[in-house]
Amino acid sequence: MRTKHDQRYVRSGDYRSKYISAHPGLKGYYMCAYCGRIVPLKKMEVDHIIPINLVQRKRRYRWVIGEGDVNDVKNLTASCHKCNSKKSNKGGVWILHGQAGRVLQPIIWCVFVMFCAVYSYWFLSYAPFIPLFNAMGLI
């Protein structure tokens, strides 16, 4: 039987909803912290960066978690099914990769949104000329 102290290291039933409420994504889309793939909310999986079984088994991972629990939003990240399955309960480089992905996600999203804004402006500005460019063999 688990003690009250151990409850910090047990998967909660609401960690996914906690993550989604803290990180609503961009119009229902998320970026995988491990590979950068854009994933819709329905296919996005919330991953524990520091796996639960490592926290339960090894003291150094409990030290990294600190006073919080394993289901804290700081230990959660968005991932695609492929990366979440590949990572499984591994630690080491996967933890560093997950943390880096969490930090880089906002930066990558900003660049992506700016690129879309510039491209859509360019496209709308030159849309009337596209048939002409196509006829000239420029496209």
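## A walk through the predicted chain

Lysine 27 sits in the loop that joins helix 1 (15-22) to strand 1 (29-31). The model is predicted, and this loop is a good place to enter it. Lysine 27 is not a glycine, yet its phi is positive, at about 55°. Its relative accessibility is 78%, so lysine 27 counts as exposed; the cut-off for that class is over 50%.

Step back to the whole chain. It holds six helices and four strands. Read from the N terminus, the order of elements is α-β-β-β-α-α-β-α-α-α. The chain has 139 residues, and 27% of them count as buried. Its accessible surface comes to about 9,500 Å². Carbon and sulfur atoms hold 65% of that surface. Now take the contacts with a separation of 6 or more: 75% of them join residues 24 or more positions apart.

One such long-range link deserves a closer look. Which element holds aspartate 47? Aspartate 47 belongs to strand 3, which covers residues 45-48. Is aspartate 47 buried or exposed? Its relative accessibility is 5%, so aspartate 47 counts as buried; the limit for that class is under 20%. Leaving out residues up to four places away in sequence, aspartate 47 touches Tyr34, Asn75, Leu76, Thr77, Ser79, Asn84 and Lys87.

The last of those names, Lys87, brings in a charged pair. The side chains of aspartate 47 and lysine 87 form a salt bridge, with an N to O distance of 3.3 Å. The pair links distant parts of the chain, 40 residues apart: aspartate 47 lies in strand 3, and lysine 87 in helix 4 (residues 81-87). Both partners, aspartate 47 and lysine 87, are buried. How many salt bridges does the count give? The count comes to one salt bridge.

Move on from helix 4 to serine 88. Serine 88 lies in the loop between helix 4 and helix 5. Here again a residue other than glycine has a positive phi: the value for serine 88 is near 50°. At 44% relative accessibility, serine 88 counts as partly exposed. That class runs between the 20% and 50% limits, so 44% places serine 88 inside it.

Helix 5 comes next. It spans residues 93-126 and includes isoleucine 107. Isoleucine 107 has 51% relative accessibility and therefore counts as exposed. Which residues form a nonpolar patch on the surface with isoleucine 107? The patch is made of Val103, Leu104, Ile107, Ile108, Val111 and Met114. Together these residues have about 570 Å² of accessible area.

Helix 5 also takes part in the largest pocket. That pocket has a volume of about 230 Å³. It is lined by 14 residues, and the closest to its centre are Tyr19, His23, Gly25, Gln105 and Trp109. Three elements give two or more residues to the lining: helix 1, strand 1 and helix 5. Which of them gives the largest share of the lining? Helix 5 does, with four residues.

Two pairs of C-alpha atoms complete the tour. The loop between strand 2 (38-40) and strand 3 carries lysine 42. Lysine 42 counts as exposed, because its relative accessibility is 83%. How far apart in space are lysine 42 and glycine 28? From C-alpha to C-alpha, the distance between lysine 42 and glycine 28 is 8.6 Å. In sequence, lysine 42 and glycine 28 are 14 residues apart.

The second pair involves helix 3. Helix 3 covers residues 59-65, and valine 64 is found there. With a relative accessible area of 47%, valine 64 is partly exposed. Its partner in the pair is isoleucine 50, 14 residues away along the chain. The C-alpha atoms of valine 64 and isoleucine 50 are separated by 8.7 Å.

Conventions. Residues numbered from 1 in each chain as written. Predicted model: local features only at pLDDT ≥ 70, side-chain atom pairs only at ≥ 80, totals over all residues. Heavy atoms only, no water. Buried < 20%, exposed > 50% of the residue type's maximum accessible area, 1.4 Å probe, protein only. Contact = heavy atoms within 4.5 Å. Salt bridge = Lys/Arg side-chain N within 4 Å of Asp/Glu carboxyl O. Patch = residues over 30% accessible without salt bridge, like charges linked within 9 Å, V, L, I, M, F, W, Y side chains within 5 Å. Areas by Shrake-Rupley, 256 points an atom, 1.4 Å probe, with all protein chains shown as cover. 1 Å grid on protein atoms, 1.4 Å probe; cavity = no way out; pocket = protein on both sides within 12 Å on 5 of 7 lines; lining within 4 Å. Points joined across faces, edges and corners; volume = space filled by probe spheres on them.
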